[in-house]
Amino acid sequence: MAAPVEPGRRSTADGGTPGLPGVPGPAPQGGEPRARQRTPDTALPSSRPAGRQSGRGGQVGGHPVDEDTAGGPPPKKIGPQSRGRAGAADTERLRYVGAATRRIARGLDLDEIVLGLCRSAVPVFADAILVYLRDPLPVGDEIPSGPLVLRLRRADRVPDEDAPEPVGGLLMPVVPATEGAYGSAAEVVRVPMDGRLAEVLRGVRPVFSDTAQSTAALRELVGGLGDGESGETLELPTGRRAILAPLRGRRRVIGATVLLRRPERAPFEPDDLLIAAQLATHTALGVDKALLYDREASIADSLQREMLPDSLPEPTGVRLASRYLPAAQSARVGGDWYDAIPLPGSRVALVVGDVMGHSMTSAAIMGQLRTTVQTLAGLDLSPQEVLYHLDEQAQRLGQDRMATCIYAVYDPIAHRVTIANAGHPPPVLLHADGVAEVLRVPPGAPIGVGGVPFEAVELPAPAGATLLLYTDGLVESRTRDVWGGIEMLRERLHSAAAAICPPPLDPLCDEVLEIVGPGDRDDDIALLAARFDGIAPRDVAYWFLEPRAQTAGRARRLVRQALGRWKLQPLAEAAELLVSEVVTNAVRYAERPITLRLLRTDVLRCEVGDDAPTLPRMRHAQPQDEDGRGLYLVNRMAQRWGATRLSAGKVVWFEMGIPEGHDR
């Protein structure tokens, strides 16, 4: 039931946009009543009877806007009825301030907060508004340095559909908010520290433009603002039709706002300064909040990105692609990670993990666990051993450090993959014929439980197949369980392969992410896809050699024969020299047979393994030294080289470029 309306008062249920108590709102055209409808959340009814004068209006937010003139002053004699009206006016002002500040506080970023102020003030409180912010804006406890510079962030006004600008003596360009930057046409005001404007800003309180000082300050701020085309300047109202309100944050003035009323509308009242002060205070605090939030979000996002690999390696026999999506823009930091680590023997370790939680702590733990995995992978431990030591590390970090992880090692020569799981969703293998298979891997216990063994399984990895490792954010949400999501993932992979088999790797990752709707992502998503190409047996040569003095000569002959079969004779001389140096070093320290392997892919790779754990290091031999030049030659002649420690010994390898035009 609608509340009764006092005579002379306009109801909040009519179609117009009402003014504030004591400030008559716009009237309907021709005085005809409009159909009742809801008013905006910041619109309030007028608290005093108002004379009505014809005027033209526009439309803001779908509510008609007209121009009214003010009624006469309130009666000097205050009786019970006058006191009741005054109480109603105060209540309406409080309601307006509450609704406006709630609208301003809803914003999370700078543009939303400034837009909330403009929408709250225009047309209910003012006919036009300009919002200036300091450039650059200080963040947190940062002390601004240099001159005080204000930039126009946004300007808004009551539009008029019929009359060209200027309207009612008020020329006001509309400057829309921009995303994190000011437009090129934004007004720049350099504030002299000894000027009137600086004095008003230091005073903090809003002022009318009815004194010489405030008028000079207002002219200093907006006197040169024009429409950018005609060259005309802003015609400022006089008297109490303009309010200049400083925007003060927690410690400093960060801007100013100007509120204007047209001549056809009643001027501001002294109580309106209190309303302007509330709007300015909440806006300034919201700007401070937005700046701090943006900085913290930027730090969290940078931390998350730095802990993930910048780029994936390009190991022999496998192609890789990855994706990472945060849970939301408001939670851009979490514990999901992925990694690809090259291993000795042209193998590669594929890792995806998920630390529980969405916080800086989760990201920090993720970084520690990822570093631990890289260290353990460098020792060439088996997948189950890697998870076992990772579990120990998680327990050392704390009792509540829980995570899931899946660790897979792909061997492109054997065309096999070995997988160990620690409470993670199972991987999915898309075969070359388009069949998507959920691999049966023992689930295991999450990392951090402690005292639980892990089990690894070895599965075939045929050429052309694609292995997908992912976190539970891809397949689990509030609307479906994990296994329902895994089935959706399997069907999506099958559909993608039905169109193109095998599908390109990067488009396949994007296709997979589409199973998660825009409002259906409750967790971070990490995705790692590996396309198995493998290395054909004809491109591999492998020998065991006894650690004898004659072994270096035999190694040279074997390399020459293999390069002859592959029609790589131009590389024979350099390859024999480098193999001889590396094998000679291995013979010196090895006690068991050494291994020599040649791989022909897009490069020629040579690997020499022995049981001595000490890694070789390059040194600069003196002229009188008889040795110490082997690795120097390798470093100068090879395209790349390195040494990797194994669980029992080491592997020294080098790569040489294959001449263009070579036919495999």
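Which glycine follows helix 7, and is its phi positive or negative? Select residue 398: this glycine comes after helix 7, and its phi is positive, near 155°. The model on screen is predicted, and the tour starts from this helix.

**Whole chain**

Show the whole protein before zooming in. It contains 12 helices and 23 strands. Of its 664 residues, 50% are buried. Among contacts between residues at least 6 apart in sequence, 70% join residues at least 24 apart.

**Helix 7**

Select residues 383-397. For the 15 residues of this helix, 1.5 Å a residue gives an expected span of 21 Å, and the end C-alpha atoms are 21 Å apart, which agrees. Now show side chains for Pro383, Val386, Leu387, Leu390, Asp391, Gln393 and Ala394, which are buried. Look down the axis of helix 7: the buried residues fall within an arc of 165°, so they line one face of the helix. The spacing has a general basis: an α-helix has 3.6 residues a turn, so residues three or four places apart point the same way.

To see what covers the buried residues of helix 7, add helix 6 (360-378), strand 12 (403-411) and strand 13 (416-422), which are among the covering elements.

**Histidine 415**

Stay with those two strands and select histidine 415, in the loop between strand 12 and strand 13. Its phi is near 55°, a positive value in a residue other than glycine. Histidine 415 counts as partly exposed, at 23% relative accessibility.

**Valine 204**

Go next to valine 204, in the loop between helix 3 (196-203) and strand 6 (207-209). Here too the residue is not a glycine, yet phi is positive, at about 70°. The relative accessible area of valine 204 is 31%, which makes it partly exposed. As background, most residues other than glycine have a negative phi, and most peptide bonds are trans.

**Two cis peptide bonds**

Select residues 122 and 123. The bond from valine 122 to proline 123 is cis, with omega near 5°. Proline 123 sits in the loop between helix 2 (110-121) and strand 3 (128-134).

Then move to residues 501 and 502. From cysteine 501 to proline 502 the peptide bond is cis, with omega near -10°. Proline 502 belongs to the loop between helix 8 (482-499) and helix 9 (505-513).

**Leucine 489**

Go back into helix 8 and pick leucine 489. Is leucine 489 buried or exposed? With 0% relative accessibility, leucine 489 counts as buried. Setting aside neighbours within four places in sequence, leucine 489 is in contact with Val428, Leu468, Tyr470, Leu474, Val475, Val512 and Ile515. For a distance check, pick alanine 436 as well: leucine 489 and alanine 436 are 53 residues apart in sequence, and their C-alpha atoms are 9.0 Å apart in space.

**Helix 11 against helix 12**

Finish with residues 572-589 (helix 11) and 630-637 (helix 12). At what angle do the axes of helix 11 and helix 12 cross? They cross at roughly 145° and come within 9 Å. The crossing of helix 11 past helix 12 is left-handed. Show side chains on both sides: Ala574, Leu577, Leu578, Glu581 and Val582 of helix 11 meet Gly630, Leu633, Val634 and Met637 of helix 12. Sorted by class, this contact has seven nonpolar residues, one polar and one charged.

Notes. Residues numbered from 1 in each chain as written. Predicted model: local features only at pLDDT ≥ 70, side-chain atom pairs only at ≥ 80, totals over all residues. Heavy atoms only, no water. Helix = DSSP H or I, 4+ residues; strand = E, 2+ residues; numbered from the N terminus. Expected span 1.5 Å × (residues − 1). Buried < 20%, exposed > 50% of the residue type's maximum accessible area, 1.4 Å probe, protein only. Arc of directions from axis to C-beta. Contact = heavy atoms within 4.5 Å. Axes fitted to C-alpha atoms, helices over the stretch in contact; angles between N-to-C directions. Left-handed = near helix turned anticlockwise from the far one by under 90°. Nonpolar A, V, L, I, M, F, W, Y, C, P; charged D, E, K, R; others polar.
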